[in-house]
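Colleague: Could you walk me through this one at the bench-side level? I'd like to hear the reasoning behind each label.

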Amino acid sequence: MKLAISAITKAMLGFVFFSLLLFVPAGTLYFANGWLLCAILFVPMLIIGVVLFIKSPKMLQKRLDMKEKEGTQKAVVALSAVGLTLGFVIAGLDYRYGWTHVPLAAVIVAAVVFLLGYAMYAMVIRENAYLSRTVKVEENQKVVDKGLYSIVRHPMYSATILMFLSMPIVLGSLYSLAIFLFYPVIIVIRINNEEKLLERELDGYAEYKTCVKYRLIPFVW
């Protein structure tokens with residue numbers, strides 16, 4: 001019950017905060033792109049949360065824990081929060097004042113890409129029982145090298161990049177997209193720091209790196 005209350009509370013607060021960032025700057029609730037993003041973001045989140053609560057409460061607990069302990073990771077999380085906040089506010093203002101325009105076809109494609117990223121995210125959760133929102137190594141943790149982890153070493157970050165870069169297009173804001181382009185840079189910093197920890201504390205990770213060469217994008221990096 002405590003876990004359920006915590007998950008529901010965080011989801012509701014997240015929805016309220018997210019809505020305020022979009023609709024207050026937009027100056028109206030008639031921001032269709034904003035409601036579209038709310039739907040494709042929070043409906044799958046609710047479904048995944050219910051599935052985890054039923055099948056893997058421990059994983060749900062991990063996904064709710066966002067307290068980083070390592071200095072670099074704390075900075076990464078803080079910068080991400082600032083960038084996301086600014087990006088959503090700019091998207092709302094962009095709608096309000098009509099600064100930029102994104103064709104409907106591009107919005108639809110971006111929404112599909114976002115959902116594909118969410119599907120990848122769900123696959124990663126299923127494949128990696130040690131997955132956490134914070135960078136740490138658990139007792140008796142093993143290297144996961146199956147499924148998406150046999151293609152890239154950090155498929156969760158690959159999924160989130162797809163999602164984050166598609167969000168401003170769904171919102172119809174090119175200015176917001178310019179701000180969200182910071183996210184891959186932040187992820188690269190996070191990965192480089194995280195891999196130092198994994199090589200130091202996770203048995204077999206150095207060998208895994210020799211087998212799976214790419215971190216985020218096959219044949220690129």
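**Reading the labels**

Modeller: Happily! Let's begin with F15, which has a relative accessible area of 32% and is therefore partly exposed. Keep in mind that this is a predicted model.

Colleague: What makes F15 partly exposed?

Modeller: Buried means under 20% and exposed means over 50%. The 32% of F15 lies in between, so partly exposed is the label.

Colleague: And why is F42 called buried?

Modeller: Its relative accessible area is 15%. The cut-off is under 20%, so F42 counts as buried. F18 is buried too.

Colleague: Why is the pair of F15 and F42 called edge-to-face?

Modeller: The ring centres lie 5.3 Å apart, and rings pair if their centres are within 6.5 Å. The planes stand at 85°, and over 60 degrees counts as edge-to-face, so that is the name. This pair links helix α1 (residues 2-26), which holds F15, with helix α2 (residues 32-55), which holds F42; the two residues are 27 apart.

Colleague: What makes F18 and F42 an edge-to-face pair?

Modeller: Here the centres are 5.6 Å apart, with 65° between the planes. That angle is over 60 degrees, so edge-to-face applies. F18 lies in helix α1 and F42 in helix α2, so the pair ties together parts 24 residues apart in sequence. Ring pairs join F15, F18, F42, F88 and F180 into a cluster.

Colleague: How many helices and strands does the chain have?

Modeller: Nine helices and zero strands.

Colleague: Why is the chain called as compact as a globular protein of its length?

Modeller: Its radius of gyration is 18 Å, close to the 17 Å that the globule rule gives for 221 residues, so the description follows.

Notes: Residues numbered from 1 in each chain as written. Predicted model: local features only at pLDDT ≥ 70, side-chain atom pairs only at ≥ 80, totals over all residues. Heavy atoms only, no water. Helix = DSSP H or I, 4+ residues; strand = E, 2+ residues; numbered from the N terminus. Rg over C-alpha atoms; globule rule 2.2 N^0.38 Å. Phe/Tyr/Trp six-rings, centres within 6.5 Å; stacked < 30°, edge-to-face > 60°. Buried < 20%, exposed > 50% of the residue type's maximum accessible area, 1.4 Å probe, protein only.
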